[in-house]
Amino acid sequence: MRAFFVALALAGFALVGPAAAQTPVVTVSEPWVRATVAQQQATGAFMRLSASQNARLVAASSPVAGLTEIHEMTVVNDVMRMRAIAGLDLPAAQAVELRPGGYHVMLMQLRQPLNAGERVAITLVFEDANRQRFSQTIEAPVRPLGAAAAGAHGHGGHGQGAHGAHGQGHGAHAAPGGHGHGHAPAAPAAPQRP
Ligand SMILES: [Cu+2]
């Protein structure tokens with residue numbers, strides 16, 4: 001009888017041990033959120049993600065946003081567009097950049113303007129190789145509109161191009177550059193970025 005319990009305990013340990021060890025650690029570096037202007041409905045959050053083992057970013061949320069998606073920006077016929085993706089693969093020990101002009105966490109249906117110097121909490125939901133979900137909440141500083149974005153990606157791309165269309169698409173679902181999300185707009189269309 002005693003041996004039976006010992007065997008059970010060992011089995012339990014064997015099950016719990018490796019499973020727990022498999023949860024990847026995702027390191028989030030240099031997160032930031034782009035500041036908004038009045039009435040702006042959406043903005044991007046950027047960061048670098050590095051997972052200790054294969055993982056996937058599958059969702060995100062924030063108290064400042066009614067809707068948060070993971071977006072990819074691509075150039076289609078010389079026009080920058082962005083679209084929601086189901087997840088972003090994080091290969092083991094390989095840094096994945098979320099940056100203007102590329103992948104980003106899209107904060108939509110903003111409940112308040114985001115001003116430079118503030119901090120925004122963002123909860124990132126990941127999946128491990130076994131599709132077990134785990135999450136991590138970070139605090140991202142808000143940076144001014146022009147900050148860091150002026151370089152490679154071209155602020156205009158986000159502001160006047162795909163992101164502008166995006167804002168309108170969310171408001172009115174009329175813009176050709178819109179995403180085609182099924183959700184109903186919570187507020188009038190956001191003005192295009194300056
Ligand atoms: Cu976006």
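The largest nonpolar core of this predicted model holds 31 residues, among which V33, A45, V105 and L107 touch the most other members. A nonpolar core is here a set of buried Ala, Val, Leu, Ile, Met, Phe, Trp, Tyr and Cys residues joined through C-beta atoms within 7 Å. Two or more residues of this core come from each of β1 (26-34), β2, β3 (55-61), β4, β8 (104-110), β9 (119-128) and β10 (133-143). A residue is called buried if 20 or more other C-beta atoms lie within 10 Å of its own, exposed if 12 or fewer do, and partly exposed in between, with C-beta atoms placed from the backbone. In soluble globular proteins, nonpolar side chains tend to be buried together. By the burial criterion, 34% of the 194 residues in the protein are buried.

The protein has two helices and ten strands, in the order α-β-β-β-β-β-β-β-β-β-β-α along the sequence. These elements are DSSP runs numbered from the N terminus, with helices being H or I over at least four residues and strands being E over at least two. Residues are numbered from 1 along each chain as its sequence is written. Local features need pLDDT of at least 70 and side-chain atom pairs count only at pLDDT 80 or more, while totals for chains, interfaces and linings use all residues.

Strand β8 is a good place to start reading the sheet. Because six of its seven residues are buried, β8 is largely enclosed by the rest of the structure. Two strands are taken to pair if DSSP finds at least two bridges between them. On this basis β8 pairs with β2 in the antiparallel sense over three bridges, and β4 and β8 also run antiparallel, joined by six bridges. Within these pairings, V105 of β8 has A45 opposite, and M106 of β8 has E69 opposite. In a regular strand the side chains alternate between the two faces of the sheet.

The pairing continues through β1. Strands β1 and β2 run antiparallel and are joined by six bridges, with V33 standing opposite A45 in β2. Strand β1 also pairs with β10, here in the parallel sense over two bridges, and V33 stands opposite V142 in β10. A45 thus recurs in this account, as it stands opposite V105 in β8 and has V33 opposite.

What does V105 contact beyond its neighbours within four places in sequence? The partners are G44, A45, A60, T68, I70, L98 and I122, where a contact means that two C-beta atoms, placed from the backbone, lie within 7 Å. One of these partners, G44, is in strand β2 (residues 43-51). G44 is buried because 24 other C-beta atoms lie within 10 Å. Although G44 and V105 are 61 residues apart along the chain, their C-alpha atoms are separated by 5.7 Å. For the protein as a whole, residues 24 or more positions apart account for 67% of the contacts with a separation of 6 or more.

Another partner of V105, I70, lies in strand β4. I70 counts as buried because it has 21 C-beta neighbours inside 10 Å. Leaving out residues up to four places away in sequence, I70 touches L57, A60, A84, I85, G87, L88 and V105. The C-alpha atoms of I70 and L88, 18 residues apart along the chain, are separated by 7.7 Å.

Two loop residues have backbone angles worth a look. Most residues other than glycine have a negative phi. In contrast, phi of N77 is positive, near 50°, and A93 has a positive phi of about 55° although it is not a glycine. N77 lies in the loop between β4 (65-76) and β5 (79-84), and counts as exposed because it has 5 C-beta neighbours inside 10 Å. A93 is placed in the loop between β6 (88-90) and β7 (96-98), and is exposed, with 11 other C-beta atoms within 10 Å.

Confidence is described by pLDDT, the predictor's confidence in each residue on a scale from 0 to 100. Its mean over the protein is 76, and 64% of residues reach 70 or more. Over residues 4-15, pLDDT stays under 50 and the model has zero contacts beyond four places in sequence. Over residues 149-194, pLDDT also stays under 50, and the model has 80 such contacts there. Where pLDDT is low, the predicted coordinates should not be read in detail.
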